[in-house]
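Me: I'm new to this structure and would like a close look at one part of it. Could you walk me through the strand that comes at the start of the chain, and then show me how the surroundings fit in?

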Amino acid sequence: MRLLLQRVSQASVSIDGTVHGQIGPGFLLLVGAQDQDTSEQIDYLVRKISHLRVFEDDAGKMNLSINDVGGQILSVSQFTLYANTKKGNRPSFVGAGDPQHASQIYDEFNQKLAATGLTVATGVFGADMQVALVNDGPVTIWFDTDA
């Protein structure tokens with residue numbers, strides 16, 4: 001799995017002009033899956049994200065987790081995280097998972113995040129979405145379970 005995490009002060013996802021999900025302070029997650037991804041990769045990412053200490057404490061140090069600050073998550077499927085741009089000018093997406101499998105991975109990932117007690121808003125898998133965010137920091141972190 002590949003995941004791009006952005007710490008945000010707010011974020012939303014809209015489909016056809018209607019807001020589908022929105023959050024206040026927390027994480028915007030762009031999530032991509034491959035065919036070989038399993039529950040083990042999901043569990044690893046859920047554990048890392050729910051414990052990641054990137055929110056400031058009273059001393060101004062990034063020392064608090066999303067749970068510590070009562071943050072929320074907006075999770076958006078993003079197959080283009082698997083774009084291959086090595087040849088030509090048109091990206092190849094053959095590394096992205098089969099949509100049926102990727103959708104199952106995305107749903108399981110969101111369910112397991114929510115099971116930690118976090119509030120999780122989502123986009124719609126495969127939809128044409130518009131994402132709005134205010135990146136806080138900015139703090140942007142890349143996760144790749146294959147790296």
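Reply: Sure, let's get our bearings before zooming in. Reading from the N terminus, the elements go β-β-β-α-β-β-α-β-α-β-β, which gives three helices and eight strands. Keep in mind that this is a predicted model.

As for overall form, the C-alpha trace spans about 50 × 35 × 30 Å along its principal axes. The radius of gyration is 15 Å, and that agrees with a compact globule of 147 residues, which would have a value near 15 Å. Of those 147 residues, 40% are buried. There's a lot of long-range contact too: among contacts with a separation of 6 or more, 73% link residues 24 or more positions apart.

Now for the strand you asked about. Strand β1 covers residues 2-15, and L3 is a good place to start, since L3 sits in that strand. Is L3 buried or exposed? L3 has 0% relative accessibility, so it counts as buried. To see what surrounds L3, leave out residues up to four places away in sequence: the contacts are then L29, L30, V31, L45, I49, L81, F109, I141, W142 and F143. Two of those names tie L3 to elements we'll meet again: I49 is among the contacts of L3, and helix α1 takes in residues 39-51; I141 is another contact of L3, and strand β8 runs over residues 130-144. For a feel of distance along the chain, go from L3 to V13: the two are 10 residues apart in sequence, and their C-alpha atoms are 17 Å apart in space.

Just past the strand comes D16, in the loop between β1 and β2 (18-23). Here the picture flips, because D16 has a relative accessible area of 74% and is exposed. The backbone at D16 is also worth a look: phi is near 55°, a positive value in a residue other than glycine. Most residues other than glycine have a negative phi, and most peptide bonds are trans. On that second point, the bond from G137 to P138 is cis, with omega near -5°, and P138 belongs to strand β8.

Next, back to the surroundings of L3. S75, in strand β6 (residues 72-77), is also buried, because its relative accessibility is 0%. Skipping neighbours within four places in sequence, S75 is in contact with L29, V31, Y106, F109, N110, V120, A121, T122 and G123. Look for L29, V31 and F109 in the model: they touch L3, and they are in contact with S75 as well. One of the contacts of S75 is polar: its side chain pairs with the side chain of N110 at 2.7 Å.

Helix α1 offers another spot to visit, Q41. Q41 counts as buried because its relative accessibility is 17%, and buried means under 20%. The side chain of Q41 makes a polar contact of 2.6 Å with the side chain of T38. Setting aside residues up to four places away, Q41 touches M1, Q36 and T145.

Finally, step back to the surface. The chain has about 8000 Å² of accessible surface, with 48% of it belonging to carbon and sulfur atoms. There are 10 positive and 16 negative side chains, and the centres of those two sets are 9 Å apart.

Note on methods
Residues are numbered from 1 along each chain as its sequence is written. This is a predicted model: local features need pLDDT of at least 70, side-chain atom pairs count only at pLDDT 80 or more; totals for chains, interfaces and linings use all residues. Side-chain values use heavy atoms; hydrogens and water are left out. Helices (H or I, at least four residues) and strands (E, at least two) are DSSP runs, numbered from the N terminus. Buried means under 20% relative accessible area, exposed over 50%, partly exposed in between (1.4 Å probe, protein chains only). Contact means heavy atoms within 4.5 Å. A polar contact is a pair of N or O atoms within 3.5 Å; within protein, one must be able to donate a hydrogen and the other to accept it, and residues adjacent in sequence count only if both atoms are side-chain atoms. The radius of gyration is taken over C-alpha atoms; the globule rule is 2.2 Å times the number of residues to the power 0.38. Accessible areas come from the Shrake-Rupley method with a 1.4 Å probe; for residues, only the protein chains shown count as cover. Lys and Arg count as positive and Asp and Glu as negative; His and the chain ends are not counted. The place of a charge is taken as NZ of Lys, CZ of Arg, CG of Asp or CD of Glu.
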